[in-house]
Number of protein chains: 2
Amino acid sequence: MIVSTRGRYALRMMAELAECGSSSLRALAAAQNVPYKYAESIMRSLVKAGFVESTRGKKGGYRLTRAPESYTLAEILGETETSLAATDCTGRKERDCPRAATCPSLPVWRALDETVCDFLSRYTLSDLMPKA
Amino acid sequence: MIVSTRGRYALRMMAELAECGSSSLRALAAAQNVPYKYAESIMRSLVKAGFVESTRGKKGGYRLTRAPESYTLAEILGETETSLAATDCTGRKERDCPRAATCPSLPVWRALDETVCDFLSRYTLSDLMPKA
DNA sequence: ATAAATTCCTATCTTTTCGATAGGAATTAT
DNA sequence: ATAATTCCTATCGAAAAGATAGGAATTTAT
């Protein structure tokens, strides 16, 4: 799995914000059918990443910080997914694989990573908005 | 993760067979540093898929059924990975997603699937053999 | 002031997937 | 017969993914 439920929820909620301007968590979660508390943890990470702004208290809510077409999917998923790496071999985890130096597969996995990343960089949030 | 440990083990053991012609499970697992019993279950699925032939009993072992360059990575991983789909949305699982008809993301995931599949179809087992 | 609606924070729970193992039956060369 | 092997079923344990709980902090409206 390249894109998990969490990542897709993030994209959908951001697309919703792109659509409606600003929204409370309650409304966002309801509109996109995301479990409330799960949505909350996702939105918090989007705020932390600077993709979204929040205001607290009554009448509070979330809004995008930039234009929808400026967010690439790669950028958003890079924050919300545990890893976008094609294999453990190219993730942060396996820094010290003893096979690395001579492994014939490693270059293939690196190329795959790049292919996926290129793909996800060619699409933006606005590609995920319901078409007018 | 697109390619899991199981899939990489499968590729490595098949590349080993490509290299050495034929081998027992014990030797294969040792050569490629794959846990014996795990290797066994992987080899069994490769036999079942017809990628590998086995002979039982003393002096038994495994060998490829075709030329190394005829196996694409897509083909092998298609058998050994639980799913190569980019998301649940494009896997067998979510046949009946109610959003499918109008979901703006779905075409993107389908295109991603195809991109990954194309990539994996451009490499073969012989690309994973230690270079001469 | 107080109440209501909201975001923020920490912790935990449950389910699923992945990696790996156990034990023994069936097969075959020697 | 025996030893070396593949085949089969079942299960275990750890990690990741999805989701939830409870309450503190903040802000608006009354």
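1. A good place to start is helix H3 of chain B: H3(B) supplies the largest share of the surface near DNA strand D, with 4 residues. Please keep in mind while reading that this is a predicted model.

2. Around DNA strand D there are 26 residues, and the closest are A:Thr5, A:Pro35, A:Lys37, A:Gly57 and B:Leu25. Two or more residues each come from helix H1 (5–20) and H3 of chain A, and from helix H2 (25–32), H3 and strand S3 (61–64) of chain B. By type, the surface near DNA strand D has 10 charged, 10 polar and 6 nonpolar residues.

3. Now for the other strand. DNA strand C is surrounded by 26 residues, the closest being A:Leu25, B:Thr5, B:Pro35, B:Lys37 and B:Gly57. Here chain A gives two or more residues from each of helix H2 (25–32), helix H3 (36–48) and strand S3 (61–64), while chain B does so from helix H1 (5–20) and helix H3 (36–48).

4. Which element gives the largest share of the surface near DNA strand C? That is H3(A), with 4 residues. The residues of this surface near DNA strand C divide into 6 nonpolar, 10 polar and 10 charged.

5. Finally, the protein–protein side: 22 residues of chain B are in contact with 22 residues of chain A. On the side of chain B that touches chain A, H1 and helix H5 (106–121) of chain B are the elements giving two or more residues, and H5(B) gives the most, with 5 residues. The make-up of that side of chain B is 14 nonpolar, 4 polar and 4 charged residues.

Terms used: Residues numbered from 1 in each chain as written. Chains lettered and ligands numbered in written order. Predicted model: local features only at pLDDT ≥ 70, side-chain atom pairs only at ≥ 80, totals over all residues. Near = placed C-beta within 6 Å. Nonpolar A, V, L, I, M, F, W, Y, C, P; charged D, E, K, R; others polar. Contact = placed C-beta atoms within 7 Å.
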